[in-house]
Amino acid sequence: MQKKPNLKQWNIPYKNHNIMISNWWGWDFKGSADLYIDDQHLDQDTSIVAETNKPLLKTNNFSDDISSVDVYVAGLFSVKISVLVNGENIYSDPLNMLDRLFIKKSTKAD
């Protein structure tokens with residue numbers, strides 16, 4: 001089994017489901033972000049840098065309760081996520097002032 005340095009996981013209950021997001025990265029520029037619902041692996045991204053204005057992870061038509069999941073990633077010094085289910089924000093890590101400034105500057109570059 002591959003060692004996953006700097007691993008961070010979020011478990012988010014939604015109705016009768018468990019949404020789990022994991023993220024890990026190493027100094028060798030390897031890593032991944034993964035989306036699971038009810039232990040089913042549905043999406044993965046191995047980008048080194050995430051675009052803050054586009055979902056890093058997503059899935060559609062999982063169940064009657066979950067027609068879409070979009071996971072956005074941001075943060076300057078640590079990974080922070082926002083999770084939208086069916087277009088509704090169900091979870092967001094709090095952003096500090098530096099995170100907000102970073103997001104504002106990175107989205108203006110687009």
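What follows is a walk through a predicted model of one protein chain, from its overall layout down to a few individual residues.

Let's start with the big picture. The protein chain has 1 helix and 8 strands, and if you read along the sequence the pattern comes out as β-β-β-β-β-β-β-β-α. The chain has 110 residues, and 35% of them are buried. As for how contacts spread along the sequence, take those between residues at least 6 apart: 22% of them join residues at least 24 apart.

Now for the strands. One open sheet has 4 strands in the order E1-E2-E3-E4, and the pairing is antiparallel. Its edge strands are E1 (8-14) and E4, each of which pairs on one side only. On average, neighbouring strands in this sheet are turned by 15° against each other, ignoring direction. Inside the sheet, you can look at how E2 (residues 17-25) runs along E3: the two pair in the antiparallel sense over 7 bridges. To find your place in that pairing, pick out Ile19, which stands opposite Ile37 in E3.

While you're in E2, stop at Ser22, which is located in that strand. Is Ser22 buried or exposed? With a relative accessible area of 5%, Ser22 falls under the 20% cut-off, so it counts as buried. Leaving aside residues up to four places away in sequence, Ser22 touches Leu7, Lys8, Gln9, Ser32, Ala33, Asp34 and Tyr36.

Further along, the loop between strand E3 (31-37) and strand E4 (40-45) holds Asp39. This residue is worth a look on a backbone torsion plot: Asp39 has a positive phi of about 65°, although it is not a glycine. Asp39 is also exposed, with a relative accessible area of 76%.

Next comes the stretch that leads from one sheet to the other. Val49 sits in the loop between E4 and E5. Is this valine buried or exposed? Val49 has 68% relative accessibility, and because anything over 50% is called exposed, that is how it counts. You can also check its position against a residue further down the chain: the C-alpha atoms of Val49 and Ala74 are separated by 9.7 Å, with the two positions 25 residues apart along the chain.

That brings us to the other open sheet, where 4 strands line up in the order E5-E6-E7-E8, again with antiparallel pairing. E5 and E8 stand at the edges with a single partner strand each, so one side of each is left without a neighbour in the sheet. Neighbouring strands here are turned against each other by 15° on average, direction ignored.

Take the edge strand E5 (residues 57-60) and look at its two faces. Leu57 and Thr59 are on the covered face, while Lys58 and Asn60 are on the uncovered one. The partner of E5 is strand E6 (residues 68-74), and the two pair in the antiparallel sense over 4 bridges. Within that pairing, Lys58 stands opposite Asp70 in E6. The loop between E5 and E6 contains Asn61, another non-glycine residue with a positive phi, this time about 55°. Asn61 is exposed, at a relative accessible area of 67%.

At the other end of this sheet, strand E7 (residues 80-85) and E8 pair in the antiparallel sense over 4 bridges. A handy marker there is Leu84, which stands opposite Asn89 in E8.

The last stop is Asp93, in the loop between strand E8 (88-92) and helix H1 (97-108). What is the nearest side chain of opposite charge to Asp93? It belongs to Lys8, 4.7 Å away, and Asp93 is buried yet has no salt bridge. The cut-off for a salt bridge is 4 Å, so the Lys8 distance doesn't qualify. What the side chain of Asp93 does make is a polar contact with the side chain of Tyr91, at 2.4 Å. Not counting residues up to four places away in sequence, Asp93 touches Trp10, Val79, Lys80 and Ile81. Of these, Trp10 falls within the range of E1 (8-14), and Lys80 and Ile81 fall within that of E7 (residues 80-85).

How values were computed: Residues are numbered from 1 along each chain as its sequence is written. This is a predicted model: local features need pLDDT of at least 70, side-chain atom pairs count only at pLDDT 80 or more; totals for chains, interfaces and linings use all residues. Side-chain values use heavy atoms; hydrogens and water are left out. Buried means under 20% relative accessible area, exposed over 50%, partly exposed in between (1.4 Å probe, protein chains only). Lys and Arg count as positive and Asp and Glu as negative; His and the chain ends are not counted. A polar contact is a pair of N or O atoms within 3.5 Å; within protein, one must be able to donate a hydrogen and the other to accept it, and residues adjacent in sequence count only if both atoms are side-chain atoms. Contact means heavy atoms within 4.5 Å. Two strands pair if DSSP finds at least two bridges between them. Axes are lines fitted to C-alpha atoms, for helices over the stretch in contact, and angles run from 0 to 180 degrees between N-to-C directions.
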